[in-house]
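Reader: I'm new to this one and would love a close look at a single part, the place where the two chains come together. Could you walk me through it?

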There are 2 protein chains.
Amino acid sequence: MILEAFVLNVKAGMGSQFEEAMREAAKYIASTPGYSSHEIHRCLETPDQYIFLARWETLESHTQGFRGSEAYQEWKRLTHHFYDPFPTVLHYEQVLSYK
Amino acid sequence: MILEAFVLNVKAGMGSQFEEAMREAAKYIASTPGYSSHEIHRCLETPDQYIFLARWETLESHTQGFRGSEAYQEWKRLTHHFYDPFPTVLHYEQVLSYK
């Protein structure tokens with residue numbers, strides 16, 4: 001399982017619209033083969049900052065499968081204009097999980 | 001539920017020792033009232049970079065409960081000397097969870 005993670009800054013005052021767009025866009029990312037789940041969290045200390053976390057079966061499910069899909073064009077249309085600046089998206093593999 | 005999240009950079013070449021220290025340190029954070037779970041993931045694109053995610057019942061469970069505890073002194077002793085620079089720790093509340 002691969003974790004896609006990035007911190008993103010939304011244009012000032014557009015948080016509510018961004019959250020609504022993300023709810024609408026969820027079905028597009030979720031339609032991708034190899035998609036497992038995703039979460040969005042709003043920062044308590046920094047207004048208009050969020051963290052995005054998605055779980056993929058493989059790195060390529062995201063970098064090739066989703067980014068090469070028609071669904072990604074819809075995702076971009078709905079979400080990318082909120083970002084300022086455009087975020088750096090990175091991928092991670094789990095080394096510890098504890099509860 | 002509150003998400004504590006930060007990206008951290010470990011001193012060059014110390015990734016394996018850091019991961020071992022985190023496995024040893026896990027019981028200290030997990031002993032805190034209000035702790036739910038935590039995960040550590042290693043970055044695929046950037047050597048020596050990790051992301052740390054912990055779930056807490058409330059913000060204060062972390063900022064006051066854990067940071068004010070004796071367990072935190074053990075956590076610091078085991079883990080803080082790996083960080084370069086020291087990370088900015090932020091907290092988030094969930095706005096979307098989808099699968």
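Reader: To start with, how many bridges join strand S4 of chain A to S2(B), and do the two run parallel or antiparallel?

Author: Keep in mind that this is a predicted model. Six bridges hold strand S4 of chain A (residues 90–98) to S2(B), and the two run antiparallel. If you want a spot to look for, find Tyr98(A), which sits opposite His38(B) in S2(B).

Now follow the strands around. That pairing belongs to a barrel that eight strands close, in the order S1(A)-S3(A)-S2(A)-S4(B)-S1(B)-S3(B)-S2(B)-S4(A), with antiparallel pairing. On average, neighbouring strands of this sheet are turned by 35° against each other, direction ignored. Within chain A, strand S1 (residues 2–9) pairs with strand S3 (residues 49–56) over eight bridges, again in the antiparallel sense, and there Ile2(A) stands opposite Trp56(A).

Back to the interface as a whole: 38 residues of chain B touch 38 residues of chain A. Together the chains bury about 3300 Å², and 63% of that is on carbon and sulfur atoms. There are also four salt bridges between chain B and chain A. Arg42(A) and Glu93(B) form a salt bridge through their side chains, at 3.0 Å from N to O. Polar contacts across the interface come to 18 residue pairs, both partners being at pLDDT 80 or more.

And what does chain B bring to its side? Strands S1, S2, S3 and S4 and helix H1 of chain B each supply at least two residues of the side that touches chain A. By type, the residues on that side of chain B are 20 nonpolar, nine polar and nine charged.

Methods
Residues are numbered from 1 along each chain as its sequence is written. Chains are lettered from A and ligands numbered from 1 in the order in which they are written. This is a predicted model: local features need pLDDT of at least 70, side-chain atom pairs count only at pLDDT 80 or more; totals for chains, interfaces and linings use all residues. Side-chain values use heavy atoms; hydrogens and water are left out. Contact means heavy atoms within 4.5 Å. Buried area is the accessible area (1.4 Å probe) that two parts lose on being put together, summed over both. A polar contact is a pair of N or O atoms within 3.5 Å; within protein, one must be able to donate a hydrogen and the other to accept it, and residues adjacent in sequence count only if both atoms are side-chain atoms. Helices (H or I, at least four residues) and strands (E, at least two) are DSSP runs, numbered from the N terminus. Ala, Val, Leu, Ile, Met, Phe, Trp, Tyr, Cys and Pro count as nonpolar, Asp, Glu, Lys and Arg as charged, and the others, Gly among them, as polar. Two strands pair if DSSP finds at least two bridges between them. Axes are lines fitted to C-alpha atoms, for helices over the stretch in contact, and angles run from 0 to 180 degrees between N-to-C directions.
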